[in-house]
Amino acid sequence: MLGYALFATRWLQAPLYFGLVAAQGVYVYKFFNELWTLIVKCVGGSASETYVMLAVLKLVDVVMIANLLIMTIVGGYETFVSRIGLQGHRDQPEWLSHVNSNVLKVKLATAIVGISSVHLLQMFVDVHHTSRHSLLWGTVIHMAFIASAVLLAYMSGPMLRGESGHGHGAHDGPSKDPDGPKRPTEPTEPQQPTEPKEYRVVGPLAPAPVLLPARLPIPAQATSYEKYEKYGNFEDFETRFARGGTRLVQYEGGVEGRVRAAGFPGRKLLEEFDEEHPRSFDRQALARLATADFVAAGRNVVFVGPPGTGKTHLAIGLGVRACQAGHRVLFATAEEWAARLAGARAAGRLAEELAALDACPLLIVDEVGYLPFDSDTARLLFQLVARRYERASLIVTSDRPLDRWDEIFGTAAPAMVDRLAHHAEIVRLEGDSYRLRRVTSGRCSGSAAPPQ
């Protein structure tokens, strides 16, 4: 209780930010007062070129300070007081999605340098009415601001790189260490072509056709080293996950921190999905889901289709979009979720584990239907679905339609399907396996050996 009480004192800062809002109103008044004076003098013919330039620089100065206030108000409140629910808003600032105290300090320092530059420029424009003493100290103060901003950026560099670079090592491919963990994996859907090519982003996922340069192919499923490398070996990760590892997920802040903590088996984007491969699927539904608004609304998404049609790719792509929108996400297969909940139940803290998972607005349950579950395990997964019903979102991928889930979950299936599908977008994909198509084309061209 003492910790919660101390944490609640953050609300004492809220009036400070509303005070800054009032200060911003003062600058709005100052801006229009300066603008009106400038207009009057220009119309009256009494404004010299120097006066106009100085007046414009004053207006720019006021705007830059107002921008600094906006950044401090919104970024500071989001970082130190409470999250601002802007997910999906068309005017959400780009910098707000990755703001934290470190980024905020650097941005404020650069804004101060910009304001100082305008002040110094005003001195040089009006140099005939500015003393040498003022010019000297104005220049010295401006250089001090520059030096402090550079020093701050240099000191913040390791933390900034830590946020922006966390996805690289974990998602660029298999570990090069020959003694690293080895675990056979099945490819996720769909596998990207191995030859370089141009990708055209078209359809509902892009506002206009865009040509992207050829890139290295993303593996159909990155090897398990990516997901488990920070634990040293697969068995260690598997044990931690089975125990119920919600509190073990290290959330490092920012988009990259959320993507890394999600545990995706590989980074896949919606823009990279081959829309021409499935014979049929609802592209308009995917365009709606791509906004990630379904997470804020607590709705579910169910991808149903044969193996190799792209279900996992789309689930990961939506998960990445949710991370970009500011939501925490956790990804695992149905078997892994079952092991996690069973481990928590064995430890006598299943309720605590389910409550801890509430901190993630989106959970992704992959590969439902590949293995049937016994009645006890089915009841555990039902509790997960029931816990999140009308409270938080699930993305589920399955090779079987919902009316056949009794083959997977037995008597728990009707109640589970009822809650999962009530507020859900069900996207059906039809087509042949992307992987098998690649194997077949490889045989025909002689570029691939027949599977072992």
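Which element gives the largest share of the lining of the second largest cavity? In this predicted model, the answer is helix H14, with 3 residues. The cavity itself holds about 110 Å³ of space and belongs to a set of 3 cavities of 30 Å³ or more. Its lining is made up of Val365, Val368, Leu381, Leu384, Val385, Leu394, Val396, Trp405, Phe409, Met416 and Leu420. Besides helix H14 (375-388), the elements that give two or more residues to this lining are strand E5 (362-368), strand E6 (393-398) and helix H16 (413-422).

Turning to the surface, a nonpolar patch of about 540 Å² is formed by Ile112, Leu136, Trp137, Val140, Ile141 and Phe145. Helix H5 (residues 132-171) supplies the largest share of this patch, 5 residues. One residue of helix H5 is Leu136, which counts as exposed because its relative accessibility is 52%, above the 50% cut-off. His142 also lies in helix H5, but His142 is buried, with a relative accessible area of 9%. Once neighbours within four places in sequence are set aside, the contacts of His142 are Val113, Ser116, Ser117 and Leu120. Further along the chain, helix H5 includes Ser148, a partly exposed residue with a relative accessible area of 40%. Ser148 and Ala109 are separated by 39 residues in sequence, yet their C-alpha atoms are 7.8 Å apart in space.

Charged pairs offer another view of the fold. The structure contains 12 salt bridges. One of them joins Arg288 to Glu425, with 2.9 Å between the closest N and O atoms. This pair links distant parts of the chain, as Arg288 sits in helix H9 (residues 283-289) and Glu425 in strand E7 (residues 424-428), 137 residues apart. Arg288 is partly exposed, with a relative accessible area of 44%.

A salt bridge is also found between Glu353 and Arg340, where the closest N and O atoms are again 2.9 Å apart. Glu353 belongs to helix H13 (residues 350-357) and Arg340 to helix H12 (residues 334-346), so the pair ties together parts that are 13 residues apart in sequence. Both Glu353 and Arg340 are buried.

Finally, the side chains of Glu407 and Arg400 meet in a salt bridge of 2.8 Å, N to O. Here Glu407 counts as partly exposed at 39% relative accessibility, while Arg400 counts as buried at 18%. Salt bridges that share partners bring Asp399, Arg400, Arg404 and Glu407 together in one network.

Conventions
Residues numbered from 1 in each chain as written. Predicted model: local features only at pLDDT ≥ 70, side-chain atom pairs only at ≥ 80, totals over all residues. Heavy atoms only, no water. Patch = residues over 30% accessible without salt bridge, like charges linked within 9 Å, V, L, I, M, F, W, Y side chains within 5 Å. Areas by Shrake-Rupley, 256 points an atom, 1.4 Å probe, with all protein chains shown as cover. Salt bridge = Lys/Arg side-chain N within 4 Å of Asp/Glu carboxyl O. Helix = DSSP H or I, 4+ residues; strand = E, 2+ residues; numbered from the N terminus. Buried < 20%, exposed > 50% of the residue type's maximum accessible area, 1.4 Å probe, protein only. Contact = heavy atoms within 4.5 Å. 1 Å grid on protein atoms, 1.4 Å probe; cavity = no way out; pocket = protein on both sides within 12 Å on 5 of 7 lines; lining within 4 Å. Points joined across faces, edges and corners; volume = space filled by probe spheres on them.
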